[in-house]
Amino acid sequence: MTTPENVTGTEALRPHAEDAFAHELKALATQDDRPRPARWKLSPWAVATYLLGGTLADGTVITPKYVGPRRIVEVAVTTLATDRALLLLGVPGTAKTWVSEHLAAAVSGDSTLLVQGTAGTPEEAIRYGWNYARLLAHGPSREALVPSPVMRAMAEGMTARVEELTRIPADVQDSLITVLSEKTLPVPELGEEVQAVRGFNLIATANDRDRGVNELSSALRRRFNTVVLPLPATADAEVDIVARRVDQMGRALDLPRAPEGLDEIRRVVTVFRELREGVTGDGRTKVKSPSGTLSTAEAISVVTNGLALAAHFGDGVLRPSDVAAGILGAVVRDPAADRVVWQEYLEAVVRERDGWKDFYRACREVTA
């Protein structure tokens, strides 16, 4: 029996980026002869290649981790090579966490120095905490101190990550100001401080669309260089992103290959884009938009669930009936208003579209 203590990276349901793409990172490091900032595993050029994809001189293919404007990745990587922290901003589902993880993996070889932001995230998660048994027995000491991921990154010259920064209470957010401006973290209980060594930096992600958002103070925002991650510019780009991610996730779950259902992937993406943008792809028909974001990440989830249905309760081929329920669940968040939006879209657009009869019938069946 495999126990949690001996699970390997290849056996993990969702390996860390540095484990899942270890062969690519190793190939890049071997052939990377460009200057590297202090404690970086790769040069900025190699980090960008890792994220954007390419073919190395020895024929090694680097798969794209991010499909979007090259300049966005170049600015993000360059920011990490300076003393400015990086803020990845965008609507939900624009791959902020994905890009953050892969940047940390390529720069530091470790993407796990992570603080997950929530409304209940305490200041200790960003600064440090205490082993209270040792604290009560022996008082404040180095042995009793429990470093946060940020403190560890500072001491080791690595990249820390803070996810959903705007979900963290404002007073806790501001505990980052001294870390980012002075590159030091005071420990007054010990009369000491932890100074960041070369190589340290921080990547934060945030969006301002969700509920429960805490605005960043102007003082904190000034410590970041902000890079906005856009939604995919074209339907083809979004289809490519969804197909790639579904294929990666499917391999871990032993699901059918995504290309076998490329027509349905394109259909899901088309529905999401039209409802999101409020107009059909040809620009001829305006449609109402539902309350949800209908992001690329949600399209990936719908298709992955559809492939699971096809694998376990069908013939392994992704069909309209496999994705219809998932689309309904993604679109209809507000049972009253969104259901009307969805039914109008079905009747005005889907019903009249050539080649979409099976999809229309499947959606009508689950909607009823």
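In this predicted model, strand 8 and strand 9 form a hairpin in which 4 residues lie between the two strands, and glycine 191 in the turn adopts a positive phi of about 65°. The pairing of strand 8 (residues 184-187) with strand 9 (residues 192-195) is antiparallel and extends over 4 bridges, with proline 186 standing opposite glutamate 193 in strand 9.

An open sheet of 5 strands is also present, with parallel pairing and the strand order 4-7-10-3-11. Strand 4 (114-116) and strand 11 (224-228) occupy the edges and have a single partner strand each, so that one side of each is left without a neighbour in the sheet. Neighbouring strands of this sheet are turned against each other by 20° on average, direction ignored. At one of these edges, strand 11 pairs with strand 3 (residues 85-89) in the parallel sense over 5 bridges, and leucine 86 stands opposite asparagine 225 in strand 11.

Two helices lie across strands of this sheet. Helix 5 (residues 96-108) lies across strand 3, strand 7 (159-163) and strand 10 (201-206), running at about 170° to strand 7, whereas helix 7 (residues 149-156) lies across strand 4, strand 7 and strand 10, at about 160° to strand 7.

As for helix-helix packing, the axes of helix 12 (residues 262-277) and helix 14 (residues 320-331) come within 11 Å and cross at roughly 20°, which makes helix 12 roughly parallel to helix 14. The crossing is right-handed. Glu264, Arg267, Val268, Val271, Phe272 and Leu275 in helix 12 meet Pro320, Val323, Ile327, Ala330 and Val331 in helix 14, and the residues of this contact comprise 9 nonpolar, no polar and 2 charged.

Terms used:
Residues numbered from 1 in each chain as written. Predicted model: local features only at pLDDT ≥ 70, side-chain atom pairs only at ≥ 80, totals over all residues. Heavy atoms only, no water. Axes fitted to C-alpha atoms, helices over the stretch in contact; angles between N-to-C directions. Parallel < 35°, antiparallel > 145°, perpendicular 65-115°, else oblique. Left-handed = near helix turned anticlockwise from the far one by under 90°. Contact = heavy atoms within 4.5 Å. Nonpolar A, V, L, I, M, F, W, Y, C, P; charged D, E, K, R; others polar. Pairing = 2+ DSSP bridges.
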